[in-house]
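Here are a few notes from my read-through, in the order I would go over them with you at the bench. Have the structure open as you read.

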Amino acid sequence: MTEKTLNPFEIVQLQVKKACDELGENEAVRKILSVPEKVMEVNIPVEMDNGTTRIFTGYRVQHNTSAGPTKGGIRFHPKVNKDEVKALATWMTFKCRVMDLPYGGAKGGVIVEPKELSIRELERLARGYAKSIAQIIGERVDIPAPDVNTNGQVMSWMVDEYSLLRGVGQTLPAVFTGKPVEFDGCLGRTEATGYGVAIIAREASKLKDLEMSGVRFAVQGFGNVGSHTAMYAEEMGAKVVAISDIDACLINEKGLDVKALMKYMKENRTISGYPKADEINRDEIFKQECDIFAPCALENAITTRNVEQIKADIIVEGANGPTTPEAENELLKRGVLIVPDILANAGGVTVSYFEWVQNLHNYYWSFEEVQEKQERKMVAAFKSVVEMMKAKNVDMRKAAYMIAIERLATPMRLRGWFKDGTYKRA
């Protein structure tokens, strides 16, 4: 089978076209949603600890503002590129609308291997990036958050830098989410994406007449999303039989002790060497016998190269864009239920929205309140997607996009962004 080479932005444009065609939506809607409103490229000079200066290239993309301010993470990764960031911003728009959040999508990234930087160099880069994009972000304009290789500490530096630049004599916490709880963050935010993936996996299992208790679960990726997905799936009764990271794949047919593995990972920064499992090559994760498979790493994980190895009945996309269109077609032919990323991993942006609301009002909720509100939101979104899927006889990804596009087209029409004969005189 020949491997296809569509990049993430081409993939998301194809997804938009399919959903618009299915809805019979105005061509103007497809055109508007197929490109971002704003793409900013910046070059960030950073003084290194040895006295030299390095220039880092970064991006901030704002996709659509019809429903409200834009929202999306910032990733620090050596493979960041403009098309990837454009795709991620577009996916974020649809993710927000599927969850019925008052946002459009945005995304940011810097081309860097953060492991090569000292903590002070990382801080200078974070502050430099915040300074570079300060003119296009704001608590009512665009609200960044953490993503790959960024965290609460990075967000704290950015909040401080942005507040200093604004010169208003006060901290402006609502401009960034994903902050530490001690610095106006939200309880439950760290766990949110993985918790959401587990909730959606539980709901998806019901469509296949499976009970979460005893379901065999496999997870690709053991960072924040993958580890919390596995932990909450285990708490819901699933048997986590396989987990992989960048170094290895661990298997245990009796079920891995996820919390013990999380502790081992924290101490060793790898799952390799964990004593209570069999260790094999990381790519063997795709071959494992399981009921639910959750890819929680990066884009293009499931491709035509490995799709025939997949044995799961359900795929829950914890990562953004982990399944290529060609691989998805093969899986759908086999009757595999694919829960798309814009629904499955929307827990992070949902709780980021909660953090933003709390920051704006300076009123904070308990951990239990946050998780209860998140679960209610995600179950409602899942049900709406299933209803669309059944009503239109389409796959779940197309159904999710159709819901999002319906929720985007209405405010765009009302704003007068395009004309299609639906206007009426007062």
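1. The protein chain holds 13 helices and twelve strands. Please keep in mind that this is a predicted model. Its radius of gyration is 21 Å, close to the 22 Å that the globule rule gives for 426 residues, so the chain is as compact as a globular protein of that length.

2. For a sense of its extent, the C-alpha atoms fill a box of roughly 65 × 55 × 45 Å along the principal axes. The accessible surface comes to about 18,000 Å², and carbon and sulfur atoms account for 46% of that surface.

3. Of the 426 residues, 59% count as buried. Taking contacts between residues at least 6 apart in sequence, 69% join residues at least 24 apart.

4. Now to the interior. The largest nonpolar core has 91 residues, and those with the most contacts inside it are Phe94, Phe217, Ile243, Val316, Leu343 and Met396. Helix H13 (residues 396-415) gives this core its largest share, eleven residues. In soluble globular proteins, nonpolar side chains tend to be buried together.

5. Met396 is worth a click. Leaving aside neighbours within four places in sequence, Met396 is in contact with ten residues' worth of names you can follow on screen, including Leu207, Leu337, Pro340, Leu343, Phe382 and Met389. Apart from the largest core lies another, of 29 residues, with Val42, Phe76, Val154 and Val159 among them.

6. Lastly, the charges: the chain has 56 positive and 58 negative ones, and their mean positions are 5 Å apart.

How values were computed: Residues numbered from 1 in each chain as written. Predicted model: local features only at pLDDT ≥ 70, side-chain atom pairs only at ≥ 80, totals over all residues. Heavy atoms only, no water. Helix = DSSP H or I, 4+ residues; strand = E, 2+ residues; numbered from the N terminus. Rg over C-alpha atoms; globule rule 2.2 N^0.38 Å. Buried < 20%, exposed > 50% of the residue type's maximum accessible area, 1.4 Å probe, protein only. Contact = heavy atoms within 4.5 Å. Areas by Shrake-Rupley, 256 points an atom, 1.4 Å probe, with all protein chains shown as cover. Lys, Arg positive; Asp, Glu negative; His and termini not counted. Charge placed at Lys NZ, Arg CZ, Asp CG, Glu CD. Core = buried A, V, L, I, M, F, W, Y, C linked by side-chain atoms within 4.5 Å.
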